[in-house]
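Student: I am new to this structure and would like to be led through it step by step. Could we begin by looking at it together?

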Amino acid sequence: MFTTRLISGIILVLLSIVIVGQGGILLYAVTALISIIGLFELYRALGMQRRSLAVVGYVTACSYYGLLWFEGQRYVTLMIIACLMAMMALYVLTFPEYKTEEVTGAFFGVCYVPIMLSFLYQTRVMNDGAYLVWLIFLSSWGCDTFAYCTGMLLGRHKLSPVLSPKKSIEGAVGGVAGAALLGFIYASLFGGRMAELDNPQAACAIACAIAAVISQIGDLAASAIKRNHNIKDYGHLIPGHGGILDRFDSMIFTAPAIYFALTFLK
């Protein structure tokens, strides 16, 4: 199991370097694809992956990425409202086929997976995005690594005893500090190419720290959904890791966190 997980992890890292480094339509297409797969995995966990509500979710996700590619972001609010209206129409016209929590779950899925994950691509197309986009990975994977090491060495107080007994408050703090340090080091190496940031070291360190906090919330949120629906993994697409949501659970949160943190820290 460990060998399988290690090999899959190495392959994922190499693919990430190539795809994110290339950017453009390749990153856009891959982000859209994993968003749709991730949405399917979430709907499957909710038991609605092939129902009409899910179809509305899939169509909305595809429409959203269409707006993103053709720079129609000003219509995103309209699209979200139209999605909700369509789901509510299904709810009342087919009553009592769907329960209220199924409608809210379907709508939540659209915001949770495709919209939030799209900020990976949106960060890449920012000014200096070729360098700034890697902060998403540094804050997510860096936080995981530092949190694990700090927790193993110093962990005493449980962060979420019921949901994740192995995570500690000390580990969480260490993860945030480690991510901030990685952001600072990264900016020290490549800050000269980040023309949009007045103080790259400070901006990247703060952005990574903010994203690291949110990253841990994303990780625990994905676990909570699995616990509520009595599943171990969201899927088996990635050997040794599970599904898309199992691997990208924290990145779903760090991508928009980095995007907006950098937007306000410029």
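**Two domains and their contacts**

Tutor: The centres of domain 1 and domain 2, taken over C-alpha atoms, are 24 Å apart, and the domain bounds come from an automatic or database domain assignment. This is a predicted model, in which local features need pLDDT of at least 70 and side-chain atom pairs count only at pLDDT 80 or more, while totals for chains, interfaces and linings use all residues. Residues are numbered from 1 along each chain as its sequence is written, and side-chain values use heavy atoms, with hydrogens and water left out.

Student: What area do domain 1 and domain 2 bury between them?

Tutor: Buried area is the accessible area (1.4 Å probe) that two parts lose on being put together, summed over both. Of the area buried between domain 1 (23-125) and domain 2 (128-265), 78% is on carbon and sulfur atoms. The total is about 1,900 Å².

Student: Which three residues supply 31% of the area that domain 1 buries against domain 2?

Tutor: On contact, meaning heavy atoms within 4.5 Å, 18 residues of domain 1 meet 24 residues of domain 2. Three residues of domain 1 supply more of its buried area than any other three, and they are Glu41, Tyr112 and Thr123.

Student: How many salt bridges does the rule find across the interface of domain 1 and domain 2?

Tutor: A salt bridge is a side-chain nitrogen of Lys or Arg within 4 Å of a carboxyl oxygen of Asp or Glu. The structure as a whole holds five salt bridges, but across the interface of domain 1 and domain 2 the number found is zero.

Student: Which residues are linked with Arg51 in a network of salt bridges?

Tutor: Arg51 pairs with Glu97, with the closest N and O atoms 3.6 Å apart, and Arg51 also meets Glu102 at 2.8 Å, N to O. Arg51 lies in the loop between H2 and helix H3 (52-69) and Glu97 in the loop between helix H4 (76-93) and H5, so this pair ties together parts that are 46 residues apart in sequence; helices are DSSP runs (H or I, at least four residues) numbered from the N terminus. The residues in the network with Arg51 are Glu97 and Glu102.

Student: Is Ser139 buried or exposed?

Tutor: Ser139 sits in helix H8 (residues 134-154), and beyond its neighbours within four places in sequence its contacts include Ala179, Cys208 and Thr254. Buried means under 20% relative accessible area, exposed over 50%, and partly exposed in between (1.4 Å probe, protein chains only). Because its relative accessible area is 0%, Ser139 is buried.

Note on methods:
Helix = DSSP H or I, 4+ residues; strand = E, 2+ residues; numbered from the N terminus.
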